[in-house]
Amino acid sequence: MNKNLLYSVTALFDTPDGIIHAAEAVRNAGYKRYDVHTPYPVHGMDDAMELKDSKLGFITLGAGLLGGAGVFAFISWVFLAAYPNVIGGKPYFSWPAFVPVTFEITVLSAVLLTIGSLIVFFFKFPNNSHPLHDTPYMKNVSSDKFGISIQANDPKFDEAAVTALLSSLHPLTVAPVFYDEEELRHTWTTFDPKFLALLVGVALFVSGSTYLHLNKLLYLPPFDWMSNQNKFKPQTPTAQYDDTRMMRSAPDGTVARGFIPYPFKGMPDSAGKYLVNPLQPTSEALALGKTKFLTYCSPCHGNFARGDSRLRGQFPNPPTLHSDKVRNWPDGNIFHVITEGQNIMPSYASQVSREERWAIVHYVRALQRAFNAKESDTQ
Amino acid sequence: MSTTQVPYQRKDLPASVTAFGAGATAAGAAIVALTFMFDHSRGLYNNIIGLSVLASVAVGALFYVALEYLAGAVWSTPFRRVMEFLSATVFALVVVALPLMANLHEVFHWTHMEAVAKDPILAGKSPYLNIQFFTIRNIAFAVLWIFFYAMLTRFSRKQDTTRDQKYTRINIRFSTAFMPVFALTTTFFAIDWIMSLEPHWFSTIFGVYYFSGTFLCALAVATFIIVSLNERGYLVAGLGKDHYYSLGTLLFVFTNFWAYIAFSQFMLIWYANVPEETYWFIARWKNGWEYVSLALIFMKFLVPYFVLLSQPSKMDGRKLKFIGIWIFLAHTVDMYWLIMPNFSRSLVLGWQELGFPLLIAGLITLTFVFKARKENLVPIGDPKLQRGIDFKI
């Protein structure tokens, strides 16, 4: 074979001690471009080869700091600028909540970039045609042997001297490794016509079959059983009814189950005149009224219905419910205001059920009585 | 039977160490006595700081001994004796606890029966928090710790002369039994002495918080002693940067662990924002205590983290000795931060706070000197010793 195609001279050893001894001998002989291949990390190899501390740690540190700072900035941007949202009553910039994510992303970016740079910078990926690939040497060192390989581009390299040195260390075998002539001569074109044709073919096949599947196949019987069901759909015209509508409205006067219509819409005086509180003022009714009052009414009316809103001016305060006007109202009037709303107070009919509204009326009456007690109440 | 014979010549520790121990103990005891004279309550709160730091060293060291047996670790075998000597401070622990046991009423609010009667929360906790059960519990802790200390060190000592491997097996059994005991006793020790100072407050992670600091503190003190002894040749030859690196890594790991737990505790309480939990942190963020809180983050996390981050610094004896002392102080500050805000809601820091740390340092030194006078500093009969000396990272 051609001398210029020599890549390295390799030697195989049987034990980790043997390879450490060999590495020391090669180092002492003054060779610089050599490498050791072992099936597992051999302790003490760094010292034997006089390797300097790996620079990989700095990449890890940089990647971790960069990832941590980046994700912290990102979360801050999201919560301060992009999508400011009050969560749990906390300020927008709630940095303690950012810490767990920052920590995780710091670790993640440190790990991923460490492994990535290990593969790219240190293993020189992608390298598909390393001369050591597919050699008996590589097969041995990746199962149970320990190998050393002195490269031909070492300034001190001389094939005879290197072979002699390695043979003197009692190896199992000493063998030269050559570049593969065919691989050296082979040139790779990135935009190979065949490759481009394959790319186009795959693209056509994938998009074509997706199109067929989603737009044609699904509407062919029998695959249309989901989209084509045997039923009437609302909002579609039909010849079955005179008004051509598929969706029917309920007959006049229909009342939904469990629903009692309110007959005094817009008629507070009639409500006061005809409605009677169906609940007895028991302690249960008062307790229910208190709960609902504190939940729905107290934010504006105040805990004692004095009109001392807790909203601190963010919403106009309602007047006190201890005025003569409200105290002289019949129960039905109060019920009407809760049901329908009044001035800027909205209707609470959907939040508070009919029975709960009557319980609130009892509770308001109790509050009014407490603030304007009669002489007889104190006895 | 172990056949390897490790060359080891026992040397007495220099008199300066004894002098330091005696001096620190005397000075500490004097300051403690003065504190008790001028401000009895403040002395008692400081006493709890001293007790919890000393418990960290004593029980943390014992945990380390048990951990080594259980994990089958070899790298730490050459200096296991240092840990055993440190755990001998369990006896000093009893002495330090005595003034407190006599004055429970002065520091613990839950001992005030008239307050408990009016307070439904304290009344609910009274089956656990009452003087009888508290005393029984803590006596049980002391008895258990002394028992396991006595057993683990007894068989280790016997091995020095007999070189019998069966003692390692026996100690593995004792270590197995000690692990759950350790987990429960340290948790309840922390709840009893530190968390119950604020009997309305609770944090379910508190036991883990104390444990993380405990192991860190014991390891830091041990690292300082191990590196100092090794540099002066009191241990066997052959211990070097590989062993230092392992110690440094463990310190680094537990620094992070402490920070992780401390932050978890803070963040959950901060996020839930429930008044009966947050007031504990609010008290530590007002009236001067905020500086202690910030100093704690700085001392117990940031400085050790950045000092120990790089590989060469974990192998550097000087840095390890510095960080050993530093973490011991940081743990003391941690206990101060946990305990003293219950004494005063505004920052108190003065000569009174020096007494117990000095006394504790002195007691640890004296105990160590006392043990080193009679026993080998290296477990020469341990079958793992030679492998431990040959340990390479």
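Trainee: In which sense do strand β1 and β3(A) pair, and over how many bridges?

Mentor: One reads the direction of the two strands together with the bridges between them. In this predicted model, strand β1 of chain A, residues 6-13, runs antiparallel to β3(A), and six bridges join the two. A single position makes the register visible: F13(A) lies opposite F146(A) of β3(A).

Trainee: Which sense do the four bridges between strand β2 and β3(A) show?

Mentor: Strand β2 of chain A, residues 34-37, is also antiparallel to β3(A). Here one may follow Y34(A), whose bridge partner in β3(A) is I150(A).

Trainee: Which residues of β3(A) point one way, and which the other way?

Mentor: The side chains of a strand are best read as two sets. In β3(A), one set consists of F146(A), I148(A) and I150(A), while G147(A), S149(A) and Q151(A) point the other way. Both sets are buried. Strand β3 of chain A, residues 146-151, is accordingly described as mostly covered, with six of its six residues buried.

Trainee: Turning to charged pairs, how many salt bridges are there over all chains?

Mentor: The count is 22 over all chains. A pair is accepted when a side-chain nitrogen of Lys or Arg is within 4 Å of a carboxyl oxygen of Asp or Glu. D144(A) and K145(A) satisfy this, with 3.3 Å from N to O.

Trainee: Are D144(A) and K145(A) buried or exposed?

Mentor: The relative accessible area decides, and buried means under 20%. K145(A) counts as buried because its relative accessibility is 18%, whereas D144(A), at 45%, counts as partly exposed.

Trainee: Why does the pair of E353(B) and R42(B) tie together parts that are apart in sequence?

Mentor: One first establishes the contact, then locates each partner. The closest N and O atoms of E353(B) and R42(B) are 2.6 Å apart, forming a salt bridge. E353(B) belongs to the loop between α15 (317-339) and α16 (355-374) of chain B and R42(B) to helix α2 (residues 40-71) of that chain, so the parts tied together are 311 residues apart in sequence. Both partners are buried, E353(B) with a relative accessible area of 9% and R42(B) with 10%.

Trainee: Which residue forms a salt bridge with R81(B)?

Mentor: The partner is D160(B), with the closest N and O atoms 2.8 Å apart. This pair links helix α8 (residues 131-162) of chain B, which holds D160(B), to helix α3 (residues 80-87), which holds R81(B), across 79 residues. D160(B) is buried at 10% relative accessibility, and R81(B) is buried at 0%.

Trainee: Which residues are linked with these two in a network of salt bridges?

Mentor: Besides D160(B) and R81(B), the network includes E68(B), R80(B), E84(B), D382(B) and K384(B).

Key
Residues are numbered from 1 along each chain as its sequence is written. Chains are lettered from A and ligands numbered from 1 in the order in which they are written. This is a predicted model: local features need pLDDT of at least 70, side-chain atom pairs count only at pLDDT 80 or more; totals for chains, interfaces and linings use all residues. Side-chain values use heavy atoms; hydrogens and water are left out. Buried means under 20% relative accessible area, exposed over 50%, partly exposed in between (1.4 Å probe, protein chains only). Two strands pair if DSSP finds at least two bridges between them.
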